[in-house]
Amino acid sequence: MIRSTVYFDRIPNAVVNNESINNQEEPDEFERALDAFINSELELLKDNDEYEFESDFDNVPDTSADTPKENAEESFITPAFSRLVGLKAVKEKLNTYEKVVRFNKLRSDIGLPYPSMPLHAMFLGSPGTGKTTVAKMMGVMLRRAGLLSRGHVVIKERSTLMGPCYGNEEANTLAAIEEAQGGILFIDEAYQLCQHNDPKDPAKFVIETLMMALADESKRDWMLILAGYPEPMKRMFGMNPGLKSRIPDSNIYVFDDFTGQELMEIAEGYIERNQFSLSSEARNALSQRLAADYANKGDNFGNARYVVNLIETEILPAMAMRVVSAGLSDAGSLSEIQASDIPVAVKSIQLPRLRIGYCA
């Protein structure tokens, strides 16, 4: 079985408080190498259908070995998808979509006609809710179903489609579409391509080029996924009637923020997969920290990305300082996270507004 670990975008800056999380950092060399590895593994799907994803919020035990082989083969969705934490609405909608895909393939296999399916989709959700991970799983599903020839995912955003100089929007977009042939073109924060208050914004040429490509019925071996925050994406959708005709409501997926309990599941899954453990006191401390951060989360809360960042930039460095300073080297000390390693939530201090003038 080929296994690949899919991580969300990492945030290298340490989190000082809930409002200091920066989700706009450029991907580092590790992430670029990881994406290259994932894409190379997708190529191997042509010879191996036992492909599985793991993610930073997948902590459910692997039960695929208990699934009868005939049942596993008739489903195009990777077993790991059902084990992802949260994403109830996405799972329900994608399960329906997969059944329709399978139904059409059964008709095709016995020579019956079947209607063409709209591939293109919109993913609505905050950062760190698994949009990129699900896109990669959809690529696997659609390749298995024969709707895409490769199933790889090409990730772009406004800056990469626009380029450093104005005038290259069409060429860059066509190059991205060509790169995505046989797979999925995933445009993150796609609403940035539609500046309703600036009619001269050159990003409109990216939209126009995409629309022309979507209208080309001779090239159906690719899928477009537009992703971003719900409200800006809905405004963009409303301003472009052509998108509505290409992306039906059935292909609009809503990625809800994770609950406090789900954030804890994500944290425990990450800790277990990386061969760490939590003392009972540390588990309580981490649960309280995540509950407090969730209760005080702002619009830019990073969800699963935030959990990974908290562990990697605060908890594990604190653990390393404690263990190394004490001169410990046994397996237990190098593995078990203590309550003292869990930082206490820092709340923003609201200073009273100064009054100007005479007060009676």
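**A tour from the whole chain to one lysine**

Start with everything displayed. The protein chain has 360 residues, and 44% of them count as buried. This is a predicted model. Colour by secondary structure: the chain holds 13 helices and 9 strands. Now show the surface. Its accessible area is about 18,500 Å², and carbon and sulfur atoms own 53% of that. Next, think about contacts with a separation of 6 or more. Of these, 76% link residues 24 or more positions apart.

**Stop 1: strand S3**

Select residues 121-125, which form strand S3. Is S3 mostly covered or mostly open? It is mostly covered: 5 of its 5 residues are buried. Turn on the side chains. Ala-121, Phe-123 and Gly-125 point one way. Met-122 and Leu-124 point the other way. Residues on both sides are buried.

**Stop 2: the partners of S3**

Keep S3 and add residues 252-255, strand S7. The two strands run parallel, paired over 4 bridges. Find Met-122: its bridge partner in S7 is Ile-252.

Now add residues 223-228, strand S6. S6 is also parallel to S3, and 4 bridges join them. Pick out two pairs. Ala-121 faces Ile-225 of S6. Leu-124 stands opposite Gly-228 of S6.

**Stop 3: strand S6**

Stay on S6. Why is this strand described as largely enclosed by the rest of the structure? Because 6 of its 6 residues are buried. Check one side: Met-223, Ile-225 and Ala-227. Then check the other: Leu-224, Leu-226 and Gly-228. Both faces are covered.

Add residues 184-187, strand S5. S5 pairs with S6 in the parallel sense, over 4 bridges. Click Phe-186, whose bridge partner in S6 is Ile-225. You have met Ile-225 already, opposite Ala-121 of S3.

**Stop 4: Lys-91**

Leave the strands and select residues 88-109, helix H3. Lys-91 is in this helix. Is Lys-91 buried or exposed? Lys-91 is buried, yet it has no salt bridge. Display Glu-262, the nearest side chain of opposite charge. Glu-262 is 7.8 Å away, whereas a salt bridge has to be within 4 Å.

What lies 2.5 Å from a polar atom of the Lys-91 side chain? Select Leu-84 and show its backbone: the atom is the backbone oxygen. Finally, show the other residues around Lys-91. Setting aside neighbours within four places in sequence, Lys-91 is in contact with Phe-81, Ser-82, Leu-84 and Gly-86.

Terms used:
Residues are numbered from 1 along each chain as its sequence is written. This is a predicted model: local features need pLDDT of at least 70, side-chain atom pairs count only at pLDDT 80 or more; totals for chains, interfaces and linings use all residues. Side-chain values use heavy atoms; hydrogens and water are left out. Buried means under 20% relative accessible area, exposed over 50%, partly exposed in between (1.4 Å probe, protein chains only). Lys and Arg count as positive and Asp and Glu as negative; His and the chain ends are not counted. A polar contact is a pair of N or O atoms within 3.5 Å; within protein, one must be able to donate a hydrogen and the other to accept it, and residues adjacent in sequence count only if both atoms are side-chain atoms. Contact means heavy atoms within 4.5 Å. Accessible areas come from the Shrake-Rupley method with a 1.4 Å probe; for residues, only the protein chains shown count as cover. Two strands pair if DSSP finds at least two bridges between them.
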